Amino acid sequence: MIMGKKPFIVGNWKMNLTLAEGIEFTKSLKKSLQGKHELICGICPPFIFLKDICRVLEDSGICVGAQNIHSEKNGAYTGEISALMVQEVGCTHVLIGHSERRHLFGEVDSFINAKIKTALGINLKPIFCIGETLHEREEGRTKYVVKNQLKNGLMGIDKNHIEELVIAYEPVWAIGTGKTASPEQANEVHSFIRGFLTNEYGKDIANSVYIQYGGSVKPENTKELIAQPEIDGLLVGGASIKLESFLKIIDAASIQ
Ligand code: PEP
């Protein structure tokens with residue numbers, strides 16, 4: 001963790017929970033985090049829950065993010081949701097380029113880049129997800145892949161906007177598999193990402209960007225991941241949909 005930062009812990013619910021379960025979870029989360037100022041917490045519920053959940057979390061300091069947006073501001077895109085729509089119901093963040101979007105729904109870097117620009121254009125903060133597949137890691141191409149995702153995803157983005165970004169390094173082989181990158185493996189890639197940002201935008205901007213780790217984060221591995229110097233936060237999938245495990249992760253990330 002870079003000095004002066006608070007850990008930023010975000011739960012990605014994916015396509016899980018009912019609305020009633022989501023609201024109950026959110027009310028309990030809000031209660032549990034009252035007066036807890038040593039970290040920043042966020043949740044990314046399904047689109048259809050956002051309005052109700054944002055209402056529960058109003059003035060709580062807990063951030064709400066959408067799991068996706070379309071790159072266009074509006075138009076004939078049946079079934080899609082715009083950046084402005086999620087912001088209007090209270091979202092401050094949005095996941096962009098999650099590996100499930102890239103690999104299951106064919107999202108490519110240029111589309112991801114356009115979404116990041118659209119989000120930044122209205123001050124909606126992107127949580128920009130990047131990471132290599134197992135095959136790419138085994139071939140020794142992790143840094144090459146991550147660098148290309150960064151280069152293409154951030155192409156043409158004004159330097160002044162970079163500080164608003166959160167980058168989530170999520171090795172695809174660790175997502176939902178129970179396999180976590182070792183703290184050292186994760187830190188090495190985070191350090192590479194920080195180096196890329198430093199080269200492109202300078203040290204101050206690079207240090208201000210939050211770089212989260214994601215991939216089978218659980219209460220048991222939180223402490224050692226968050227203790228790494230380049231890990232500023234965590235993006236949690238499976239372990240974020242059970243209140244007990246999410247709270248344990250939050251607790252473990254708070255005590256350093
Ligand atoms: C994710 O979906 O961003 C994620 C990291 O999932 P999990 O924690 O389940 O691996």
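**Reading a ligand site and its barrel**

Mentor: Let's start at the ligand: 14 residues surround it, the closest being Lys14, His98, Glu170, Gly176 and Ser216. A residue counts as near if one of its heavy atoms lies within 4 Å. This is a predicted model, where local features need pLDDT of at least 70, side-chain atom pairs count only at pLDDT 80 or more, and totals for chains, interfaces and linings use all residues. Residues are numbered from 1 along each chain as its sequence is written, and side-chain values use heavy atoms, with hydrogens and water left out.

Trainee: Which N or O atoms lie 2.8 Å from an oxygen atom of the ligand?

Mentor: A polar contact is a pair of N or O atoms within 3.5 Å. Here, one partner is in the side chain of His98, and another is a backbone atom of Gly237. The side chain of Lys14 also offers an N or O atom, 2.7 Å from a ligand oxygen. Of the 290 Å² that the ligand exposes when taken alone, the protein buries 95%; these areas come from the Shrake-Rupley method with a 1.4 Å probe.

Trainee: And how do the strands close into a barrel?

Mentor: Strands are DSSP runs (E, at least two residues), numbered from the N terminus, and two strands pair if DSSP finds at least two bridges between them. In this model eight strands form the barrel, in the order β1-β2-β3-β4-β5-β6-β7-β8, with parallel pairing.

Trainee: How many bridges join β7 to β8?

Mentor: Three bridges link β7 (residues 210–214) with β8 (residues 233–236). Look for Gln212, which stands opposite Gly233 in β8.

Key
Polar contact = N/O pair within 3.5 Å; in protein donor to acceptor, adjacent residues only side chain to side chain. Helix = DSSP H or I, 4+ residues; strand = E, 2+ residues; numbered from the N terminus.
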